[in-house]
Amino acid sequence: MAEALRVGIAGLGTVGASVARVLRDKATELTRQCGRDIVVSAVSARDPKRDRGVDVSSAKWFDDPVKMAQTADIDVFVELIGGDEGPARLSVKAALEAGRHVVTANKALLAKHGVALAEIAEKKGVLLNYEAAVAGGIPVIKTMREAMAGNSVTRVFGILNGTCNYILTRMEAEGVSFDVVLKDAQRLGYAEADPTFDIEGHDTAHKLSILTSLAFGTKIAANDIYMEGISNITQADIRAAGDLGYRIKLLGVAQRTESGIEQRVHPTMVPTASVIAQVHGVTNAVAIETDILGELLLSGPGAGGNATASAVIGDVADIAKSRPGFQHGPVFGRPAKELKPYKKAQMRSHAGGYFIRLTVHDRIGVFAAIAKRMADNDISLESIVQHAVSGEAAAQKTVILVTHETTEAAVRKAVDGITKDGHLTDKPQVIRIERAG
Ligand SMILES: NC(=O)c1ccc[n+]([C@@H]2O[C@H](COP(=O)([O-])OP(=O)(O)OC[C@H]3O[C@@H](n4cnc5c(N)ncnc54)[C@H](OP(=O)(O)O)[C@@H]3O)[C@@H](O)[C@H]2O)c1
């Protein structure tokens, strides 16, 4: 049997401790599958005394993950510290430069430095695996990088943040407000004390930027993403969406268009009958549309110690199975040096259907004025209805419009016009409708 693969784990928190536990509990099975033992030979975290719920005392302890990355005692450096700078970045870079394979679950690090790190990995002939960084336990990276060879991706989209999907699912099921569900999610540990990163779309954007690079062979451009979160989604939106046959999801969408590649994260209406609309709670899902395969949808647990550890261990096992001297495939599907610059499609040219909810004064002429603004901007309406909202003041009414395919620029102009007309009593709500199978 080949020599054991020696793994160093940096970070022994939720994911790191699970990885150590599963590697111990499934050692025999993994040896059978990989043809060699996988042993945890080194670990690093901040507090050497903390009980991790798993005995790692046989592994060499390192206070400094960079030192662990450089030690000759490991073959694979597993980074589970988190953060886009500091110890995570320094240690991953040091490990690659020292010729160690790296496995990471760190989407923030890859979104910011992924291409530079991939260049080092490819120069050194080592693997940089990151299955757990996007959609936790769902094997989307392997699917896109390996199983879909030859396919040209036209669109990739998904529910990439469990916290947001949990909040939207409960808002719809229980008819309660965003604030109430958020507080509950925080109490149950599904949302952070500071939830901004999740609910305003940043976490989804990091993951989307990695998928975009894989899908379209472009450099990661995490700062070039149109982003709207879910904090302004109301019960009125959810109920109106339901009446119209839609469900609201926070989606990350990357799509090839004539003017470039669109990357957007925003609340989206998807048809209630579509598969992605059936993805509830903390579950994640990724849909990939290609010329050869058509549409593929993967769904499963997007976070949590064990689910994330499953993806990390799959990456470690791939390294255990690879043979010395074997030329590894490029990190983002194409050699990092050949990734094209990201050509951003302007959001204003985004084309699609739109849901527009307007709260207006209950007076004569408002309906006609709204319809005129739409017509002036060449927006054709699928429906325009006055929507009864329970508890609504008698002096105001809710008007719901659903447009046929139009452009973001036209919708913004029409809504600005309606706002200037002075008919609105509240901020207008605009939600994009996404085609989904
Ligand atoms: N949690 C999930 O469900 C999930 C899902 C997908 C991806 N991820 C990603 O996985 C990574 C880890 O997440 P997590 O939830 O496991 O985080 P976590 O529970 O906060 O654990 C972080 C670990 O890093 C250690 N650490 C912090 N600074 C360090 C330093 N300077 N040197 C050495 N160790 C250091 C901590 O040590 P101490 O324990 O001693 O403080 C802790 O063990 C992140 O990149 C995250 O985005 C997490």
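Here are a few worked exercises on this predicted model.

**Exercise 1. The annotated glutamate**

Find which residue UniProt lists for "binding site", then work out where E192 lies and whether E192 is buried or exposed.

Solution.
- Start with the record: the unreviewed UniProt entry gives E192 under "binding site".
- Next, place E192 on the fold. E192 sits in the loop that runs between α8 (178-187) and α9 (196-199).
- Now check the surface. The relative accessible area of E192 is 52%, and exposed means over 50%, so E192 is exposed.
- Last, look for partners, skipping neighbours within four places in sequence: E192 touches Q186 and D198.

**Exercise 2. Two helices crossing**

Describe how helix α1 and helix α12 pack: what are the angle and the handedness, and which residues make the contact?

Solution.
- Two numbers are needed, since packed helices are described by the angle between their axes and the distance between the axes.
- For α1 (residues 14-25) and α12 (residues 305-321), the axes come within 8 Å and cross at roughly 65°.
- The crossing of α1 past α12 is right-handed.
- On the α1 side, the contact uses T14, V15, S18, V19, R21, V22 and L23. The α12 side brings G305, N306, T308, A309, V312 and I313.
- Sort these by type and you get seven nonpolar, five polar and one charged.

**Exercise 3. Cysteines and disulfides**

Work out how many disulfides the structure holds, and decide whether C34 and C164 are buried or exposed.

Solution.
- Recall what to look for: a disulfide is a covalent bond between the sulfur atoms of two cysteines.
- The count comes out at zero.
- For burial, the cut-off is under 20% relative accessible area. C34 has 3%, so C34 is buried.
- C164 has 1%, so C164 is buried too.

**Exercise 4. Helix α6 and its neighbours**

List the buried residues of helix α6 and say what they pack against.

Solution.
- Within α6 (residues 140-147), the buried residues are V140, I141, T143 and M144.
- Those buried residues pack against α10 (202-216), β11 (283-290) and β12 (294-301).

**Exercise 5. A loop aspartate**

Locate D291, classify how accessible D291 is, and find its contacts.

Solution.
- D291 belongs to the loop between β11 and β12.
- Its relative accessibility is 49%, so D291 counts as partly exposed.
- Leaving out neighbours within four places in sequence, D291 contacts N151 and S152.
- For a distance check, take G137, which is 154 residues from D291 along the chain: their C-alpha atoms are separated by 26 Å.

Notes. Residues numbered from 1 in each chain as written. Predicted model: local features only at pLDDT ≥ 70, side-chain atom pairs only at ≥ 80, totals over all residues. Heavy atoms only, no water. UniProt positions renumbered as here; feature names shortened; annotations may be inferred. Helix = DSSP H or I, 4+ residues; strand = E, 2+ residues; numbered from the N terminus. Buried < 20%, exposed > 50% of the residue type's maximum accessible area, 1.4 Å probe, protein only. Contact = heavy atoms within 4.5 Å. Axes fitted to C-alpha atoms, helices over the stretch in contact; angles between N-to-C directions. Left-handed = near helix turned anticlockwise from the far one by under 90°. Nonpolar A, V, L, I, M, F, W, Y, C, P; charged D, E, K, R; others polar. Disulfide = S-S within 2.5 Å.
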